[in-house]
Each structure stands twice: as structure tokens, then as C-alpha cells.
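Trainee: Could we go through this structure together, slowly? I would like to understand the words people use for it, and what stands behind each one.

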Amino acid sequence: MILAMHETNSEKSATADAVDWIALVKKIKTWGQELGFAAIGIAGTDVSAAGARLQQWLESGYHGDMAYMATHAELRTTPGLLVPTAVSIISARLAYWQQQDCTRVLTNPQLAYISRYALGRDYHKTLRYRLQKLAERIASEIKTSHPEMPLSYRVFSDSAPVMEVELARQSGIAWRGKHSLSLTRQGSWHFLGEIYLSVPL
């Protein structure tokens, strides 16, 4: 039985070794740009350092009435609980900044001015659609080049307890600002989304 497991693992390892992961990552980033993402990065699944800070934050009661933060803390800090097969996480950044002159609205008490992220289509749907398209393209590429390689994935667009800012930081597409949000040289006007993957990107 152990020999059979070893042979199976060796076959999987040989298959993984046959993939040009660097070339695939370059393609993924290109596809991401084609889908309108501002940046695509790759991270691992270890968010333990940020998880420790989150736990301290929760124990200090800084989450206030947001009980869901404490309820789902373990899911946030252990990506494997959300997707057991995940070994890589794609982090995607989608800008929502829209250049507008808000003076006319702000100076008229009969009008309301809403947050820019709420303008247009629901960002959950927009982000999820693009992430799903990217995931399908990755799956198609792997299936075509290495049909014997098993692949599973799951897309998240602010739809599950995910440590988005930490993953964005680890993947190199943003850093955590003093205001605790993900930040780039263009500011914080962006959404983050993730694809949990079972392949070692």
C-alpha cells in the first residue's frame, strides 16, 4: 500500500515537474490584464503571521459589533479549511476609481453622493465573473497541455472569510497601509479577489 502511494505521488510529482510554471504564471498575468484587472499576483497559503495579528485584534475587541469576524476567524487564517486542495492563491486587483467632479452634487442638498465603489454594477458580480473567466482559462490551459494533471479551484469575490489584504501583500500587488487597507501608489480605490488553486504556481 505504501509503495502504491509512493508511486502515485511520484507520478503526480513528475507531472508537476513537467509544467513550465513560470511560463504559465506569465500567461495568467497577461490574461488577467486582458480581463481588465489592474494587477495579478501569486501567493502561497500560509497566512499564519497575519492570523496571529488578527487574533490579537479580536481579543482586544476591536471588531466591535462585527461578530462574524470572530465567528469565521479560523476560516480566514487557515485557507485549507475553505479549499482543502489549495496550494497556491491568485490575488487580483480591480480598480474602481472613476474621475468625477462631485462639487455639483455635494453643494446641492437635494442630491446624494454615494461611494464610488457602489457606482455601476454590483462589484461582487463583476469581480466574480472576471475571476471565473480567468480560472476557466487556467484550467483549459492545464487540461490541454497536461490532461493527466488534477486541478481544482474556487473563486472568491468578497464572498467568504479570506485574508484578502494579506494575500495581496504576499503576492506583491499591494501593501497594507496604516489605515489597514490594501494600498498601491494609485491609492486604495480597488477591489480584491482570489482564486484558490490546487497547483503549485
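Mentor: Happily; we will take the terms one at a time and set each value against its definition.

Mentor: Before we start, this is a predicted model, in which local features need pLDDT of at least 70, side-chain atom pairs count only at pLDDT 80 or more, and totals for chains, interfaces and linings use all residues. Residues are numbered from 1 along each chain as its sequence is written, and side-chain values use heavy atoms, with hydrogens and water left out.

Trainee: Let me begin with S198. Why is S198 called buried or exposed?

Mentor: Buried means under 20% relative accessible area, exposed means over 50%, and partly exposed is in between (1.4 Å probe, protein chains only). S198 has a relative accessible area of 19%, so S198 is buried.

Trainee: Where is the place of S198?

Mentor: S198 is in the segment after β6, a strand covering 190-197. Helices (H or I, at least four residues) and strands (E, at least two) are DSSP runs, numbered from the N terminus.

Trainee: Which residues is S198 in contact with, leaving aside its neighbours within four places in sequence?

Mentor: Contact means heavy atoms within 4.5 Å. With those neighbours set aside, S198 is in contact with T85, A86, V87, P150, L151 and S152. As for S152, its backbone nitrogen lies 2.8 Å from a polar atom of the S198 side chain.

Trainee: Next, H190. What makes the link between the side chains of H190 and S182 a polar contact?

Mentor: A polar contact is a pair of N or O atoms within 3.5 Å; within protein, one must be able to donate a hydrogen and the other to accept it, and residues adjacent in sequence count only if both atoms are side-chain atoms. The side chains of H190 and S182 are joined at 2.7 Å, which is within 3.5 Å, so the name applies. H190 lies in strand β6 and is buried, because its relative accessible area is 10%.

Trainee: Now the helices. How do you describe two packed helices?

Mentor: Two packed helices are described by the angle between their axes and the distance between the axes. The axes are lines fitted to C-alpha atoms, for helices over the stretch in contact, and angles run from 0 to 180 degrees between N-to-C directions. Here α2 (residues 21-34) and α8 (residues 123-145) pack at about 145 degrees, with their axes 10 Å apart. On the α2 side the contact is made by L24, K27, I28, W31, G32 and E34, and on the α8 side by L134, R137, I138, E141 and I142.

Trainee: What makes the pair E141 and K27 a salt bridge?

Mentor: A salt bridge is a side-chain nitrogen of Lys or Arg within 4 Å of a carboxyl oxygen of Asp or Glu. For E141 and K27, the closest N and O atoms are 2.7 Å apart, which is within 4 Å, so the pair qualifies. The two are 114 residues apart, with E141 in α8 and K27 in α2.

Trainee: How many salt bridges does a search of the whole structure find?

Mentor: The search finds four. R137 and E34 form one of them, at 3.1 Å from N to O; R137 belongs to α8 and E34 to α2, 103 residues apart.

Trainee: Why does E34 count as exposed, and why is R137 partly exposed?

Mentor: E34 has 54% relative accessibility, which is over 50%, so E34 is exposed. R137 has 39%, in between the two cut-offs, so R137 is partly exposed.

Trainee: And how do you know that R53 and E166 meet in a salt bridge?

Mentor: Their side chains come to 3.7 Å, N to O, and that is within 4 Å, so this pair also fits the definition. R53 sits in α3 and E166 in α9, 113 residues apart. R53 counts as partly exposed because its relative accessibility is 47%, whereas E166 is buried because its value is 3%. Salt bridges that share partners join R53, E166 and R169 into one network.

Trainee: What makes α9 mostly covered?

Mentor: Six of the eight residues of α9 (164-171) are buried: E164, V165, E166, L167, A168 and S171.
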